[in-house]
Each structure stands twice: as structure tokens, then as C-alpha cells.
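Student: Could you show me how to read the features of a protein model, one at a time?

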Amino acid sequence: MHRIVILGGGTGGTLAANRLRRVFSPSEASLTVVDQDDCHVYQPGLLFVPFGLAHLDEIVRPRGRQLHRDIAYLQDPVDHVDIAERRVHLGSGQVLDYDVLVVASGAVLAPEETEGLTGPGWNQKAFTFYDPEGAVALAEALEWFEGGSLVVNVVEMPIKCPVAPLEFCFLADWFLQQQGVRDKVELTYVTPLDGAFTKPVASHRLGGMLEERGIELVTEFNTGEVDYSGQRGRIVSYDDREVAFDLAVVIPVHNGAAYVARSPGLGDALGFVTVDEHTLQSSASPHVFALGDAAAVPTSKAGSVTHFEGEVLVENVRRFLDGRPLDASYDGHANCFIETGFSKAMLIDFNYDVEPLPGRFPGSVGLPLMKESHLNHLGKLLFQWLYWHSLLPGRDIPGVHSAMPVGGKDRREPLESEVTTT
């Protein structure tokens, strides 16, 4: 019997485990999922909590209940992985031997790595919506916010869902208008990137949308310190630029899981697992694979990426255990719904080599790409149902596959003005 151990019970670990159970019967492989808690968070839903559009009881469920029968779930922190011995050492002292290890332990927020951020103003003047507690605290702060400087600051890349901070800006613009105080608020987006997004064409489009809404864009700002000592807070860059705020929404530094750093050879300097970007097999050991936010691949750390990676990873675990060549077909496919406020959203679809393009997804009669629409907003809302009932259980979503579709896209070369970052 093959022994397959999966570290992480979030999106990647859960869908991988459920897909692997469809491939291997209980007599062919034991499947064990390990995580340190039993709270599975639908992370896209955190964006809506600060605006009263979602509540935690709608987006948090027990991890173990998302797994198929005959998949063991252990609630135990991981101490370290011994790659040479093919063993996982848990915090309780238990040791798990494996034939295949799947690392899916995501990315971890590290606000303490930014000087001053977790000081006396944390969750009073500065908040994050990237975890449940922060999202709830931010909701209360926004309810009472009547004017001043609202700053959204990405401290460092990479982060989970790179479009989420932009979505927050767009929804804040909508929310403040609904509250009747938008004209009293200076809204600013501060990013370490040289534009609004990582892909030039999308960056140009999104930067224009910020400008249309009166949201200032501050680029190439590498946050070194957050200072709460004055009446207003200050975000200070390493080159001594400053952005003052009355209310700050901060997306902190992201690292890989701490146990990766304690496991020699497993990860990079940030604790993300180094893998072949097409097969998702570890560069440290052929017995190790990784997916989702835990994997160091040159594409977005987003739920869609995890979904598309999962198809290839499961096939490669099967091939590896059968002694066959691996499938090198993962192309970096990612897509993201970008909420833009007023019940509209934009959809982008891209991969390692292809920029987000206009057109339709997944084909000529699908959802509009690179364009705001109510249909895309409905698509984002529908995805929460698909997440719990299709993606996590390991079912295929009709018409949506790991390889980026080319049908329905406008493949013309972008105009020079479209790739100029703002």
C-alpha cells in the first residue's frame, strides 16, 4: 500500500486529497491530511467581511468534514520533514512515513517582520483583512470611519491573491459612497510594484480604474516601518518616503509554513517549496510535490492556481508511483475575478507566458475578460458554491481545465499605450 501524506488542510490539501482518493482505492493507498487547526476558511470571502457583505459563519467550516471517507485527518502541527528518511515529524511526537509527500500548507502572514506594525496601533489604526480576526476588526473600524486618509498598503510580494488589495480599494470606494462620506476620504493604494499589478496590460487597465475612482496610486514603495506615535499614523519606506494615514489596511509579509524552514532542503529562503514549475515535483526530492500558495512557482498565489495545479499534481503522483514519466503540462494558468464595486467585477485569465487578454472565458460565449460586468460579479458570487460543492470535493468544473484556454481570446498584440504602467 502506498503511503501518501498531505501537509495542509486548506484548498490545495483538501482538493488534492479528495482527487487522490478517486484515483487510489483504500486498499491501494493510505491518505493522511495534517493541519494544526480544524478551521477551513474560504479565503476569497474575507474580502467581503469588512463591508458587511459576508460573515465568518458563512465562510469557515471544519477541515475534516471537507474530506472524503477513508482519508485520515490529524490535527497536529508539523515540526519538520526529514527528506532523506521520508518522514514527517509532528509536534505531538508522532512520526509519519511516506512514499509521497504533498506540501500544501499555504502562506503564513508575518506582520511582526515589519517594524512597528504590530505595535499599539495594530487592530486600532491599522488592520488586515487577510485573516478572520482582522477582517472582523476592520469591519467595525470602517463602520465608524467618517473621513480622513484611508491607505491600503501591500508591504511585500508575494502575497495570497494579488488582486485582493485592489478589490478592497474598489469596494471601499463603493462602500464610502454608500455611507455618504466618500468626498471626505483620501483613498490611496501603496504597492512595492511599479504599477497596479504584476502583468503590464492588466496593470495599465487597473491603474486607469484607480484613477477613474479618485484613488491615488503610489508605486515602488517598499515599506520598512509603521509608526503610530503621532495623531496620524505613518507608513515609511526604506528610502524614507512617507504616507500618512488615519486608517490603514495592510497586507503583511507572507512566508511559507515555519516547518519548511526547519526542514533542510525543502524550501527557499521564504519557506516556500521549490518545485518544477510544470510538474510540481520538488527539486529537493522526487518523493515530494507541492501546490497552491506553498509552492514557489512564477504565477499568482491564488485559489484558481491551486485548482489548476491540483489536476496536474494528482496525475503526477499516480505516474510517479507507477514509475512512469511525469506530466509537464502545468502552464501557470491563473484566473481572477476582480470586484470593482457597484455589483460589477472584471475577470482576467493568463499563464506563465500569456498576458491577460480581452475576449471571453472559457470560450467565445463565456464570461467577458478585461471588462467590468454584472455577469462577472455574479460569477464571483457563484464561485463560493462551486468551491464547497465542486472544487474541494475534487470534481471537475465543466469547461474549466488546468491548461489556459485560447478560444474566445483576442490574440492581437497589445498597443504600446496598453502596456505602459501607471
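Tutor: We shall go from the whole chain to its core, and then to some single residues.

Student: What should I know about the model before I begin?

Tutor: This is a predicted model, in which local features need pLDDT of at least 70 and side-chain atom pairs count only at pLDDT 80 or more, while totals for chains, interfaces and linings use all residues. Residues are numbered from 1 along each chain as its sequence is written, and side-chain values use heavy atoms, with hydrogens and water left out.

Student: How many helices and strands does the protein chain have?

Tutor: Helices (H or I, at least four residues) and strands (E, at least two) are DSSP runs, numbered from the N terminus. By that reading, the protein chain has eight helices and 26 strands.

Student: What does the radius of gyration say about the protein chain?

Tutor: The radius of gyration is taken over C-alpha atoms, and the globule rule is 2.2 Å times the number of residues to the power 0.38. For 422 residues a compact globule would have a value near 22 Å, and the protein chain, with 21 Å, agrees with this. Along the principal axes, its C-alpha atoms fill a box of roughly 65 × 50 × 40 Å.

Student: How do I read burial, and what percentage of the residues count as buried?

Tutor: Buried means under 20% relative accessible area, exposed means over 50%, and partly exposed is in between (1.4 Å probe, protein chains only). In the protein chain, 57% of the 422 residues count as buried.

Student: Which residues touch the most other members of the largest nonpolar core?

Tutor: A nonpolar core is a set of buried Ala, Val, Leu, Ile, Met, Phe, Trp, Tyr and Cys residues joined through side-chain atoms within 4.5 Å. The largest one has 117 residues, and Ile4, Val88, Phe129, Phe168 and Val317 touch the most other members. Helix α4 (residues 164-179) gives the most to this core, with ten residues. There is also a second, separate core of 17 residues, which includes Val151, Val190, Ile235 and Phe245.

Student: Which residues does Val88 touch?

Tutor: Contact means heavy atoms within 4.5 Å. Not counting residues up to four places away in sequence, Val88 touches ten listed partners, among them Val5, Leu7, Tyr98 and Leu101.Student: Is Pro356 buried or exposed, and where does it lie?

Tutor: Pro356 is buried, because its relative accessible area is 1%. It lies in the loop between β24 (344-350) and β25 (359-361). Leaving aside neighbours within four places in sequence, Pro356 is in contact with residues including Lys199, Val201, Ile348 and Met370.

Student: Where is Ser373, and which residues does it touch?

Tutor: Ser373 is in the loop between β26 (367-369) and α8 (374-391), and at 13% relative accessibility it counts as buried. Not counting residues up to four places away in sequence, Ser373 touches Ser343, Lys344, Ala345 and Pro368.

Student: What is the phi of Ser343, and where is this residue found?

Tutor: Ser343 has a positive phi of about 60° although it is not a glycine, and it is found in the loop between β23 (334-341) and β24. At 39% relative accessibility, Ser343 counts as partly exposed. Asp70 also has a positive phi, near 70°, and at 52% relative accessibility Asp70 counts as exposed.

Student: Which residues are joined by a cis peptide bond?

Tutor: One such bond joins Met157 and Pro158, with omega about 5°, and Pro158 lies in the loop between β12 (148-154) and α4. The peptide bond from Phe361 to Pro362 is cis as well, with omega near 0°, and Pro362 is in the loop between β25 and β26.
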